[in-house]
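Please work through the following exercises with the sequence and the structure side by side, trying each task before reading its solution.

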Amino acid sequence: MNDSAVRILRTALRTVPDFPKPGIQFIDITPVLQDPGLFALAIDLFCERYEKLGLDAIVAVDARGFIFGGAIARQLGVGFVPIRKKGKLPYRTREQSYDLEYGSATIAVHEDALRPGQRAALVDDVLATGGTAAAAAQLIVSLGAELAEATFFVELGFLNGRAKLAGLPMASIIRID
Ligand code: AMP
């Protein structure tokens, strides 16, 4: 991966202490999004990884994952699959519950969102404890699709979310230790 591009993006991140709860260092990606050059750079770094993976779809998690996921899918010319909080998707769904760094949640995907054998990449803005990504990966696999890679714009290495994705192909653009 392009080291100087990663350094530029890392510098643009804003860390907000004690949001949404005391003790959480919130990684705010909005400074990257509001700069068209930085946003394009971030999307390009994801797409470079995906060019040779033969993807059929990009899957992303509600809500900030959608910002990256939609743009990546459009750039690659593949479909986009939303994973949303339980109760938000209108059609028949598969559900998976998980623990968050703050709280717990259940996520869902439309049961016809991916066909068996399709290759999908999972995208999210931040890998924290890994609960969300592990649950999303389970949903992808439960539909019979293949998880080609789970990719995160930022990985909070000190929370060891990687451990929850053990055995699955994963990568991050920016790692904070
Ligand atoms: P986790 O399941 O703990 O890996 O949490 C990942 C999800 O929660 C991602 O979708 C992030 O958007 C959000 N999240 C968790 N912790 C943070 C954090 N410190 N800064 C920004 N977003 C976070």
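**Exercise 1. The order of elements**

Task: State how many helices and strands the protein chain contains, and in what order the elements run from the N terminus.

Solution. The model is a predicted one, and in it the protein chain holds five helices and nine strands. Reading from the N terminus on, the order is α-β-β-α-α-β-α-β-β-β-β-α-β-β.

**Exercise 2. The overall form of the chain**

Task: Decide whether the radius of gyration of the protein chain agrees or disagrees with that of a compact globule, and then describe the box, the burial and the surface.

Solution. Begin with the expected value: for 177 residues, a compact globule would have a radius of gyration near 16 Å, and because the protein chain has 15 Å, the two agree. Next, take the extent along the principal axes, where the C-alpha atoms fill a box of roughly 40 × 35 × 30 Å. Then turn to burial, which applies to residues under 20% relative accessible area; such residues make up 47% of the 177 in the protein chain. The accessible surface comes to about 8600 Å², and 50% of that belongs to carbon and sulfur atoms. For the contacts with a separation of 6 or more, 59% are accounted for by residues 24 or more positions apart. Finally, the charged side chains number 19 positive and 20 negative, with the centres of the two sets 3 Å apart.

**Exercise 3. Strand β6 and its partners**

Task: Find which strands pair with β6, in which sense, and over how many bridges.

Solution. First locate β6 at residues 104-110, of which six of the seven are buried, so that the strand is largely enclosed by the rest of the structure. One partner is strand β4 (residues 79-85), which is joined to β6 by two bridges and runs antiparallel to it; here R84 stands opposite A108 in β6. Another partner is strand β5 (residues 93-99), which pairs with β6 in the antiparallel sense over seven bridges, and in this pairing R94 stands opposite V109 in β6. When tracing these strands on screen, keep in mind that the side chains of a regular strand alternate between the two faces of the sheet.

**Exercise 4. Strands β8 and β9**

Task: Establish the sense in which β8 and β9 pair, and name the bridge partner of T151 in β9.

Solution. Strand β8 covers residues 146-156, and its pairing with β9 is parallel, over six bridges. Within β9, the bridge partner of T151 is A171. Strand β9 itself, at residues 170-176, is mostly covered, with five of its seven residues buried.

**Exercise 5. Two strand residues compared in turn**

Task: For I58 and then for Q25, determine whether the residue is buried or partly exposed, and which residues it touches.

Solution. I58 is found in strand β3 (residues 57-61), and it counts as buried because its relative accessibility is 0%. With neighbours within four places in sequence left aside, the contacts of I58 include Y50, I72, L76, F80 and V123. The C-alpha atoms of I58 and T151 are 10 Å apart in space, although the two residues are 93 residues apart in sequence.

Q25 has its place in strand β2 (residues 25-28), and it counts as partly exposed because its relative accessibility is 43%. Not counting residues up to four places away in sequence, Q25 touches T15, V16 and P17. Its C-alpha atom is separated by 9.9 Å from that of L156, which is 131 residues away along the chain.

**Exercise 6. Backbone exceptions**

Task: Identify where cis peptide bonds and positive phi values occur in the loops.

Solution. As a starting point, most residues other than glycine have a negative phi, and most peptide bonds are trans. A cis bond joins F19 and P20, with omega about -5°, and P20 is found in the loop between β1 (14-17) and β2. The peptide bond from D62 to A63 is also cis, with omega near 5°, and A63 lies in the loop between β3 and α4 (64-76).

For phi, D18 has a positive value near 60°; D18 is placed in the loop between β1 and β2 and is partly exposed at 47% relative accessibility. N160 has a positive phi of about 55° although it is not a glycine; N160 is found in the loop between β8 and β9 and is partly exposed, with a relative accessible area of 48%.

Note on methods. Residues numbered from 1 in each chain as written. Predicted model: local features only at pLDDT ≥ 70, side-chain atom pairs only at ≥ 80, totals over all residues. Heavy atoms only, no water. Buried < 20%, exposed > 50% of the residue type's maximum accessible area, 1.4 Å probe, protein only. Helix = DSSP H or I, 4+ residues; strand = E, 2+ residues; numbered from the N terminus. Pairing = 2+ DSSP bridges. Rg over C-alpha atoms; globule rule 2.2 N^0.38 Å. Contact = heavy atoms within 4.5 Å. Areas by Shrake-Rupley, 256 points an atom, 1.4 Å probe, with all protein chains shown as cover. Lys, Arg positive; Asp, Glu negative; His and termini not counted. Charge placed at Lys NZ, Arg CZ, Asp CG, Glu CD.
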